[in-house]
Amino acid sequence: MGARLHIVFDPLCGWCYAASPLLRQSQTHFGERLPMVLHPGLLFPEINIIPAAYREHIISADQHIAKLSGVLFGSAYLNKVKTIASLSYYSVPAATAVSGVAALAAVGEIAADAGLGMLEKIQHAHYVDAADVSDLWLLSQLAAGLEVTAEMFKDCYAKAQADLPGQTRLAHQLLRQVGAQGFPTFILEANGQFRRLDHSVAYQDSGLFITQIEQALA
């Protein structure tokens, strides 16, 4: 098997959102030469009610992420975090949707980068539009923008839902294998070896990250 870039992610992880431009640039640069494999790590595997006292921490962290990476946190999202009476995060529906769409892409039913596209759409819906990305109808509508029909989404979501426990175990196995923790984690698989990549340099200069991969592949 050729080289692959593994990404352990969560759709509700702010730092994963910060890395989204890097993922897109890597996809554009390497294309089929370095297939991208998305692994759901599940930051919020159960419905997690966010207490009011923790919300200022979220906003402060998001401001830091925005300053470092340039990604946009929309006013609707910030207002929701500040003011909504009951704020909860639940990673499973969105992560399942990404995995389902990525599975369709892997067998050539839709564009090869549709898994990444689904993640990007979910992140925008959450962090910019303040949409409820645990809502299956919304996820189906987002997938429709990637040429996934409602019936295709229903089927791929059900399959991904059944596979999710195993996918999550694999994600955490990869983290342990390279001595990593947290999301996102980037792992380069090449010549039978798995190597953790340092993406911290890339939030402001994605070229450094791409150079790091090119050197590792040489």
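A compact globule of 218 residues would have a radius of gyration near 17 Å, and the protein chain has 17 Å, so the two agree. Keep in mind as you look around that this is a predicted model. Along the principal axes, the C-alpha atoms fill a box of roughly 50 × 40 × 30 Å. Within that box, the secondary structure comes to nine helices and six strands.

How does the chain pack against itself? Among contacts with a separation of 6 or more, 74% are between residues 24 or more positions apart. Buried residues make up 49% of the 218 in the chain. Turning to the outside, the protein chain exposes about 10800 Å², and carbon and sulfur atoms supply 53% of that area. As for charge, there are 14 positive and 19 negative charges, and their mean positions lie 5 Å apart.

Now let us step inside, to the aromatic rings. The structure holds nine aromatic pairs. One of them joins Tyr 17 and Phe 73: their planes stand at 85 degrees with the ring centres 5.3 Å apart, so this pair is edge-to-face, the class for planes over 60 degrees apart. Follow the chain between these two and you will see that the pair links distant parts of it, since Tyr 17 sits in helix α1 (residues 14–18), while Phe 73 lies 56 residues away in the loop between α3 (52–69) and α4 (75–83). Is each of these two residues buried or exposed? Both Tyr 17 and Phe 73 are buried. The pair also has company, as ring pairs link Tyr 17 and Phe 73 with Tyr 77 and Tyr 127 into a cluster.

Technical notes. Residues are numbered from 1 along each chain as its sequence is written. This is a predicted model: local features need pLDDT of at least 70, side-chain atom pairs count only at pLDDT 80 or more; totals for chains, interfaces and linings use all residues. Side-chain values use heavy atoms; hydrogens and water are left out. Helices (H or I, at least four residues) and strands (E, at least two) are DSSP runs, numbered from the N terminus. The radius of gyration is taken over C-alpha atoms; the globule rule is 2.2 Å times the number of residues to the power 0.38. Buried means under 20% relative accessible area, exposed over 50%, partly exposed in between (1.4 Å probe, protein chains only). Contact means heavy atoms within 4.5 Å. Accessible areas come from the Shrake-Rupley method with a 1.4 Å probe; for residues, only the protein chains shown count as cover. Lys and Arg count as positive and Asp and Glu as negative; His and the chain ends are not counted. The place of a charge is taken as NZ of Lys, CZ of Arg, CG of Asp or CD of Glu. Rings of Phe, Tyr and Trp (its six-membered ring) pair if their centres lie within 6.5 Å; planes under 30 degrees apart count as stacked, over 60 as edge-to-face and the rest as tilted.
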